[in-house]
Amino acid sequence: MSSEPNFATLERFALDLAAAAAMASLPLFRLRGLGEDNKLAHLSRFDPVTEADKGAERAIRALINQTFPEHGIIGEEYGEEHPGAEYVWVLDPVDGTRAFISGLPLWTNLIGLRHKGRPVLGVIGQPYLGEVFIGSPLGSRLIGRHEETPLRVRPCAALNDAVIGTTDPNLFQGVEARAYTDLLDAVKLARYGCDAYAFAMVAMGTMDIALETGLKCWDIEAIIPVIENAGGCVTDWRGNPVGQDGGQVIAAGSRALIDQALAHLSPAAS
């Protein structure tokens, strides 16, 4: 029998998961000789994975299996366990592995929770900076080393005042690249290389828009509750809710600002 989520309990557990992920990944950050494997070597492309990714996911999975064995898990590194369960944890143990291996403190541990197929709770953790962004129907907040503060998106009425972020403009190809260039011409400032951290900054109210393409479910599902419960909005490039396949995603402080951006992006929507 299903029941309504107890978000106070689930939030506490999600923070325990974030702590476990941090303990597994942070000691390896900037470790000389860590090394990485290339998951796309067979395609002559570079998609790195390290022991930080694998160890963090193993730690999270072990804690979930021990505490909530009936919950499902979908993780980037170790696949699916009971993906049709009422509660499913969606994990990207180290989002931004390229930043991780480059020594840049913009990688994150992403931990999301679906209830009946819908993202309802998310954690974006950055252990090196001592930051945990958490969002659920109880609200969104930033838990730092010394204080806890509510998260709230900032008002931005027009694209020409907007600060936007994406991981790498070179990820947009063909019609997507043309649409992104069109959007870039309409905004005030763009920043790159932030991965999921740019979405955290939208929730925090220091950036106005974050957008990506080619996302998987583990790249975005932890982010959605953080932004939505900070007053923001997350859609695909058609303006629809983000599906479980990820894909093209945009987040902003308001639906009105997303609609302005989609006037530039929608011709490339897939």
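## Helices H4 and H8

Helices H4 and H8 are oblique to each other, a description that rests on a packing angle of about 135 degrees between H4 (residues 175-184) and H8 (residues 255-265), whose axes lie 8 Å apart. The angle falls in that class because only values over 145 degrees count as roughly antiparallel and those from 65 to 115 as roughly perpendicular. The model in which this packing is seen is a predicted one.

On the H4 side the contact is made by Ala179, Tyr180, Asp182 and Leu183, which meet Ala261, His264 and Leu265 of H8. Sorted by class, the residues of this contact between H4 and H8 comprise five nonpolar, one polar and one charged.

## The eight-stranded sheet

Eight strands form an open sheet with mixed pairing, in the order S4-S3-S5-S6-S7-S8-S9-S10. Strand S4 (79-81) and strand S10 (148-150) stand at its edges, and because each has a single partner strand, one side of each is left without a neighbour in the sheet. From one strand to the next, the twist averages 15 degrees.

Within this order, strand S5 (residues 87-95) and strand S6 (residues 108-115) pair in the antiparallel sense over seven bridges, and Val90 has Gly112 in S6 as its bridge partner. Helix H5 (residues 196-204) packs on the sheet, where it touches S5, S6, strand S7 (118-126), strand S8 (131-136) and strand S9 (139-143), and the direction of H5 makes about 65 degrees with that of S8.

## The five-stranded sheet

A further open sheet, of five strands, follows the order S12-S11-S13-S15-S14 and likewise has mixed pairing. Its edge strands are strand S12 (189-192) and strand S14 (233-236), each of which pairs on one side only. When direction is ignored, neighbouring strands of this sheet are turned against each other by 20 degrees on average.

Strand S11 (residues 163-166) and strand S13 (residues 209-215) pair in the parallel sense over two bridges, with Ile209 in S13 serving as the bridge partner of Ile164. Helix H5, which also packs on the eight-stranded sheet, lies across S13 and strand S15 (247-252) and runs at about 150 degrees to S13.

## The second largest pocket

The second largest pocket holds about 190 Å³ of space. Its lining consists of Gly117, Arg118, Pro119, Glu221, Ile224, Glu228, Val234, Pro241, Val242, Gly243 and Gln244, and by class these lining residues divide into five nonpolar, three polar and three charged.

Among the elements that contribute to the lining of this pocket, S7 and helix H7 (223-228) each supply at least two residues. Strand S7 is also one of the strands touched by H5 in the eight-stranded sheet.

Key: Residues are numbered from 1 along each chain as its sequence is written. This is a predicted model: local features need pLDDT of at least 70, side-chain atom pairs count only at pLDDT 80 or more; totals for chains, interfaces and linings use all residues. Side-chain values use heavy atoms; hydrogens and water are left out. Two strands pair if DSSP finds at least two bridges between them. Helices (H or I, at least four residues) and strands (E, at least two) are DSSP runs, numbered from the N terminus. Axes are lines fitted to C-alpha atoms, for helices over the stretch in contact, and angles run from 0 to 180 degrees between N-to-C directions. Contact means heavy atoms within 4.5 Å. On a 1 Å grid over the protein atoms alone, a cavity is a set of points where a 1.4 Å probe fits but cannot get out, and a pocket is an open set with protein on both sides within 12 Å along at least five of seven lines; lining residues have an atom within 4 Å of a point. Grid points are joined across faces, edges and corners, and a volume is the space filled by probe spheres set on the points. Ala, Val, Leu, Ile, Met, Phe, Trp, Tyr, Cys and Pro count as nonpolar, Asp, Glu, Lys and Arg as charged, and the others, Gly among them, as polar. Angles under 35 degrees count as roughly parallel, over 145 as roughly antiparallel, 65 to 115 as roughly perpendicular and the rest as oblique.
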